[in-house]
Structure formats: structure tokens, C-alpha cells
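Work through the three exercises below with the sequence and the structure open beside you. Try each task before reading its solution.

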Amino acid sequence: WLNEVEKQTGMRPVIYTSLNFFETKFKNYFPNHKFWIAAYSQEPGVIEDNRIIHWQYTETGLLPGIDEEVDFNISTIPY
């Protein structure tokens, strides 16, 4: 699936997964892909791996002007 998406779009997909799934299933695979980790009970960056470029650390963030809770993330790539 990852190869097909890259072939069709010309862009390598980022893999979004939980920290547990990353550590138990993905950590030793997909060396050429970047990861977006969702982990609410761990501090962002608790593991050192340069493939992790986004860390979703809460789903209950509050922002002025938005009337419901939102996801908060930290990114290691500049925008």
C-alpha cells in the first residue's frame, strides 16, 4: 500500500500510529518512512528516532475561537 501511494502521488506517505504499535510492530521496519506518533500518556520525544517527525500528545487541546477540543501535536520539521 505504501509503495502504491508513493507511485501514484510521487510522495512518500507518513505512517500515523500509536506509540505502542510503533514500538511493537513498526520500529524495526520501514526504514525509509517517517512516522507520526500518537501518545497521550508519554512526553513528546520520549524515544529518540529521527523517523518520528510529528508527535500527537493530546486530543483535548483548547484554542481560542474553536468551540471543541482539538488534537495538539509537536513537529520536528520546520514549516
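**Exercise 1.** In this predicted model, find where Lys27 is placed and which residues it is in contact with, leaving aside its neighbours within four places in sequence.

Solution. Begin with the location: Lys27 belongs to the loop that runs between α2 (19–26) and β2 (35–38). Next, leaving aside neighbours within four places in sequence, the contacts of Lys27 are with Phe22 and Arg51. Finally, consider the second of these partners: Arg51 is 24 residues apart from Lys27 along the chain, and their C-alpha atoms are separated by 9.5 Å.

**Exercise 2.** Decide whether Thr17 is buried, partly exposed or exposed, and do likewise for Lys27.

Solution. Thr17, which is found in strand β1 (residues 15–18), has a relative accessible area of 7%; because buried means under 20%, Thr17 counts as buried. Lys27 has a relative accessible area of 38%, and since this value lies between the 20% and 50% cut-offs, Lys27 is partly exposed. To see what surrounds Thr17, set aside its neighbours within four places in sequence, and the contacts that remain are Phe22, Phe26, Phe35, Trp36, Ile37 and Ala38.

**Exercise 3.** Which elements each supply at least two residues of the largest nonpolar core?

Solution. First identify the core, which has 11 residues, among them Leu19, Phe22, Phe26, Phe35, Ile37, Ala39 and Trp55. The elements that each supply at least two of its residues are α2, β2 and β3 (52–61), and the largest share, 3 residues, comes from α2. As a last step, take Ala39, one of the core residues: beyond its neighbours within four places in sequence, Ala39 is in contact with Leu19, Trp55, Gln56 and Tyr57.

Technical notes
Residues numbered from 1 in each chain as written. Predicted model: local features only at pLDDT ≥ 70, side-chain atom pairs only at ≥ 80, totals over all residues. Heavy atoms only, no water. Helix = DSSP H or I, 4+ residues; strand = E, 2+ residues; numbered from the N terminus. Buried < 20%, exposed > 50% of the residue type's maximum accessible area, 1.4 Å probe, protein only. Contact = heavy atoms within 4.5 Å. Core = buried A, V, L, I, M, F, W, Y, C linked by side-chain atoms within 4.5 Å.
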